[in-house]
Amino acid sequence: MVMKNIVYIIISSILFLSCSHKKNEIQLEEKNPYILVLGNAQDAGYPQIACQKDCCQRVFKNPENKRFVSSIAVVDPISNESWIFDATPDFSEQAKLLSKHLKNEKQLPDGILLTHGHIGHYTGLMFLGREALGAKSMPVYAMPRMQDYLIKNGPWSQLIQLENIDLKPIREDSTIVLNERISVTPIQVPHRDEFTETVGFMIHNNNKKALFIPDIDKWNKWDRSITDYINEVDIALLDATFFKNGEINRDMNEIPHPFVEESMQLFENLSAKDKRKIYFIHFNHTNPLLIEGSNAQETVLEKGFNIAKQEIQIPF
Ligand SMILES: [Zn+2]
Ligand SMILES: [Zn+2]
Ligand SMILES: [Zn+2]
């Protein structure tokens, strides 16, 4: 009798698995555009060079815990097109992750949109150059100062001379149409703008919207209201560099970011629906949101927010 039951369970699970597998395949075929998270770490990556603290030792000892630098892609399965937001030092591996979502063995996105000139956000462009891929006119969308910086400084200038990249100028609050469904609007934000200005992006998919702001100084330094934006959009991927004050042994005023604790407080009175739109991203190596099952992760989820985990897909 027991044996019979076991056989029944095994057969029914096989049937269930094969059906659900089929269902997934059909969903993939019919899928609308979605956001794919390609990395969620701050510029320096996770682990961070020479860090001897527990936060990074757990990665040096167990490479499965590694996370790539913050980047997202918008994938359009209908046209088999994709665009990547920021070219990070992990760009080679992130392009590989992205290629798993593309048909016909396509290995590269159809364009790169840059937020700003800090190391985690554009240096991956080097992999398009002569010593690496030797790309042919990869479209790179950049704001005026970002564009100027690439034109005037090597090795980036060589990418332009050799036509590895094709610079596409973009302007604050001015929308660029990427295809019949997808368009993007750069939104300027306050940040340490030593080399370039900094933007976030509003990504439009038909009439749905996703906001991506991986780097910003404190929310109250901005002349726009983040809560108004959250109200307006369907997804908001937001700077969560540090979980709380005192997290690193440096004057944190020199590197201002909204602490996750501050953001959660600011967003406390939003509706449950609005809170669910928020995905925290761009974690410093000291941020416990990088650790699966940490108390910090639990707190964020309990309060109704989301964590932009690497490789998750966010439909919109
Ligand atoms: Zn950054
Ligand atoms: Zn560390
Ligand atoms: Zn930055």
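**View 1: His118 and His191, both buried, help hold a zinc ion (ligand 3).** Buried means a relative accessible area under 20%, while over 50% is exposed and anything in between is partly exposed (1.4 Å probe, protein chains only). This is a predicted model, so local features need a pLDDT of at least 70 and side-chain atom pairs a pLDDT of 80 or more, while totals for chains, interfaces and linings use all residues. Residues count from 1 along each chain as its sequence is written, chains are lettered from A and ligands numbered from 1 in the order written, and side-chain values use heavy atoms, with hydrogens and water left out.

Who grips the zinc ion (ligand 3) here? His116 (NE2), His118 (ND1) and His191 (NE2) do, at 2.1 to 2.2 Å. To count as a donor, an N, O or S atom must sit within 2.8 Å of the metal (3.2 Å for Na, K and Ca); water isn't among the atoms, so a site may look incomplete. Along the sequence, these donor residues follow the spacing H-x1-H-x72-H. Look for the zinc ion (ligand 1) too: 3.6 Å separate it from the zinc ion (ligand 3). His118 comes from the loop between strand 4 (112-113) and helix 4 (119-122), and His191 from the loop between strand 8 (182-188) and strand 9 (199-205), so the pair ties together parts 73 residues apart in sequence. (Helices, H or I with at least four residues, and strands, E with at least two, are DSSP runs numbered from the N terminus.)

**View 2: Three cysteines and a histidine surround the zinc ion (ligand 2).** Cys51 (SG), Cys55 (SG), Cys56 (SG) and His285 (ND1) coordinate this ion at 2.1 to 2.4 Å. What makes the arrangement tetrahedral? The 4 donor atoms subtend angles of 102 to 126° around the zinc ion (ligand 2), which is why it gets that name; four donors qualify if all angles lie between 85 and 135 degrees. The donors are spaced C-x3-C-C-x228-H along the chain. Cys51 sits in the loop between strand 1 (34-39) and helix 2 (54-61), and His285 in the loop between strand 12 (278-281) and helix 10 (295-302), so the two tie together parts 234 residues apart in sequence. Cys51 is buried at 8% relative accessibility, and His285 is buried with a relative accessible area of 8%.

**View 3: Arg224 reaches Glu172 in a salt bridge.** A salt bridge needs a side-chain nitrogen of Lys or Arg within 4 Å of a carboxyl oxygen of Asp or Glu, and here the N to O distance is 3.8 Å. Arg224 lies in the loop between strand 10 (208-213) and helix 7 (226-232), and Glu172 in the loop between strand 6 (165-169) and strand 7 (176-177), so the pair links parts 52 residues apart in sequence. Arg224 is partly exposed at 26% relative accessibility, and so is Glu172 at 37%.

**View 4: Glu180 is exposed, but its partner Arg181 is buried.** The closest N and O atoms of this salt bridge are 3.9 Å apart. Glu180 has a relative accessible area of 72%, whereas Arg181 has 13%.

**View 5: Arg67, Glu292 and Lys309 form a network of salt bridges.** Between Lys309 and Glu292, the closest N and O atoms are 2.9 Å apart. Lys309 lies in the loop between strand 13 (306-307) and strand 14 (313-315), and Glu292 in the loop between strand 12 and helix 10, so they tie together parts 17 residues apart in sequence. Lys309 is partly exposed at 27% relative accessibility, as is Glu292 at 43%.

Note on methods: Tetrahedral: all angles 85-135°; square planar, octahedral: opposite > 155°, others 65-115°.
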